[in-house]
Amino acid sequence: MPMPDASPDLSVELCGLTLSNPVIAASGCFGFGEEILPFYHPSRLGGISTKGLTLRPRQGNGGIRLHETRAGLMNSIGLQNPGVDAFVQTILPRIRGLTPCLIANVGGHEIADFVEAVGMVAAADVDMIELNISCPNIKCGGQAFGNRAGDAASVVRAVRPVCGKPLMVKLSPNADDLVGVALACEEAGADALSLVNTFNALAIDVHARRAVFDNVTAGLSGPAILPIALRMTRDVARAVKIPVVGMGGIETGEDVAAFIMAGARAVQVGTAGLVRPDALPVIVEELARFMAAEGIANLAEIRGIV
Amino acid sequence: MTTDLHVVEGNEVVAPGIYRLSAGPSSPSAAAPAPVQPGQFHMLKTVAPEPLLPRPISIHEVTGDVLSFLYEVKGAGTRNIAALKPGDPLRVTGPLGRGFDVDALTGRILLVAGGIGIAPFRYLARALAEAGRTQVTLAAGFRSRPYGIDDFQPYLRDVRIATEDGSEGVKGWVTALYSPRDFDVVVACGPVPMMRAVQQGCVEAGTRGILSMEARMACGVGLCLGCTIRTTTGMRRVCTDGPVFPGEEVFFDAHA
């Protein structure tokens, strides 16, 4: 029987990078990493996934952008971002030193935009690209790229040649066949998968007798989605050979352990860091304590055991 | 900065649905409190798991390391806070946001408050008095009986009250209580229709206007872009670019 280790090894390997721990700040919930500096230095995290970038700047959605639900948060931000050019020229030099694992999240509404945006960002000093395929495809009736295996694979195949960095594809839980989309992305050249993005959901203001959000539906995150996200992470991790980064409602170190046991290589945490700015480093500490208490020397011991 | 557990010292009803809460650090060994600028806010959350998110509440007064908040019960979050009793724990993150620049407020200063928009003006009025400003006027409008105005009158030259039901002061809107031309700067906090009227009045009079904005927030610290408003310089975050904005920069049509 192994000796319980007072300081377990939290490190994980992801696409050739060694992360000090498996907790990555999720895209859209961490700005560009600078905003958290009054609270802690993000080098305490495994990595950072940036606010979603698009080829051109976007103002984002009007109207209400947030709506709280029981154990959850709905958002309809609309990919407000300064565009890839401003990111590469102005923001990236400021944030490059914040983390050894800087993941640039890139979205788009048509394949040509994806290719141009990924090409520009991948050529800059980032460590990895995370492809957001949950955006609606304007050339396909607004159906999200990530909903169908064929559409998802076509984006991944298109950006693969211009992406000289590890390419992680962020899957939408709204896919018709999530495992099918995952396998198609792997086949098309993805180096890793992250899941899940927010669940498409609806809130109605019954007094006003209309939808809360201008876009009618919005994305649901937070603890409400954890059990579904965990099941989906396990489904995908068992189907593909590439690493899977799990996320969805993680609030504690034990939640991280659950995703690792479901087969995740690492995790991302989003909403919990909005509820409480210092949540992510606390989760890392909780994971270390959990591993020490359970006599787990490293995460490989528990990865995929369920 | 941290999210600290504070202990509630008082939480009294001051008017129907309006409470004043004071809270201090949970342990005397806690680090020296961060200086709080008038117009800043804190994110407050009880230790109950629901609702998930903390609530942004502007600072009403600071006494040593004790923070006071004047707030209106509007939903589940403020209802939970209103139920707190002395000795109960409260999670406090802050101070947050860009508050009022006291150094830049000079001459004849008018504070315009609508309802719970009175909350940040007590601490601002004290800071202005301490900075030697002697020409500070408050114009405050309420639906019915006024609240939150009694204890900062020593800092003001003039207090003008309007109530919609005529229960006190002038019957009608707060904007009928003043002419922007009589002031060098107008500082406003209140509901959108009032803020829009203040902005328009200031533009017409050529008087500098300062608006303290309110928005739904998730994080309160600039991460989520959930609280943005439309301004002349693009979409800006109420939490970190504000909540205090130059009056002429805010567009009100996008979030009426």
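Two strands are taken to pair if DSSP finds at least two bridges between them. In the predicted model described here, this criterion is met by strand β8 (residues 109-114) of chain B and β12(B), which pair in the parallel sense over 5 bridges. Within this pairing, Val112(B) has Ala188(B) of β12(B) as its bridge partner. Strand β12(B) is also joined by 4 bridges to strand β13 (residues 208-212) of chain B, and these two strands run parallel. Here Val185(B) stands opposite Arg208(B) of β13(B). Of the 5 residues of β12(B), which spans residues 185-189, 4 are buried, so the strand is largely enclosed by the rest of the structure.

Chain B also contains an open sheet of 7 strands with antiparallel pairing, arranged in the order β4-β3-β7-β1-β2-β6-β5. The edges are formed by β4 (55-58) and β5 (61-63) of chain B; each has a single partner strand, so one side of each is left without a neighbour in the sheet. On average, neighbouring strands of this sheet are turned by 35 degrees against each other, direction ignored. In general, strands of a sheet pair through backbone hydrogen bonds, either parallel or antiparallel. In the open sheet, strand β1 (residues 3-15) of chain B and strand β7 (residues 89-96) of chain B run antiparallel and are joined by 5 bridges. Thr3(B) stands opposite Thr93(B) in β7(B).

In chain A, helix α6 (residues 253-261) is mostly covered, with 7 of its 9 residues buried. The buried residues of α6(A) are Gly253(A), Asp255(A), Val256(A), Ala257(A), Ala258(A), Phe259(A) and Ile260(A). Elements of chain A against which these buried residues pack are β3 (23-25), α5 (226-239), β15 (244-247), β16 (266-269) and α8. Just after α6(A), Gly263(A) adopts a positive phi of about 115 degrees.

The packing of α6(A) against helix α8 (residues 279-294) of chain A occurs at an angle of about 70 degrees, with the axes 7 Å apart. Angles of 65 to 115 degrees count as roughly perpendicular, and α6(A) and α8(A) are therefore roughly perpendicular to each other. The crossing of α6(A) past α8(A) is right-handed. From α6(A), the contact is made by Gly253(A), Glu254(A), Val256(A) and Ala257(A), and from α8(A) by Ile283(A), Glu286(A), Leu287(A), Arg289(A) and Phe290(A). By class, the residues of this contact comprise 5 nonpolar, 1 polar and 3 charged.

A further helix pair in chain A is formed by helix α4 (residues 178-187) and α5(A), which pack at an angle of about 40 degrees with their axes 9 Å apart. The two helices are therefore oblique to each other, and α4(A) passes α5(A) in a right-handed crossing. Leu178(A), Val179(A), Ala182(A) and Leu183(A) of α4(A) make the contact with Met232(A), Asp235(A), Val236(A) and Ala239(A) of α5(A). The residues of this contact divide into 7 nonpolar, no polar and 1 charged.

Between the chains, the contact takes 27 residues from chain A and 23 residues from chain B. On the side of chain A that touches chain B, β5 (66-69), β6 (72-75) and α7 (271-275) of chain A each supply at least two residues. This side of chain A has 12 nonpolar, 9 polar and 6 charged residues.

Definitions and conventions:
Residues numbered from 1 in each chain as written. Chains lettered and ligands numbered in written order. Predicted model: local features only at pLDDT ≥ 70, side-chain atom pairs only at ≥ 80, totals over all residues. Axes fitted to C-alpha atoms, helices over the stretch in contact; angles between N-to-C directions. Parallel < 35°, antiparallel > 145°, perpendicular 65-115°, else oblique. Left-handed = near helix turned anticlockwise from the far one by under 90°. Contact = placed C-beta atoms within 7 Å. Nonpolar A, V, L, I, M, F, W, Y, C, P; charged D, E, K, R; others polar. Buried ≥ 20, exposed ≤ 12 C-beta atoms within 10 Å, placed from the backbone.
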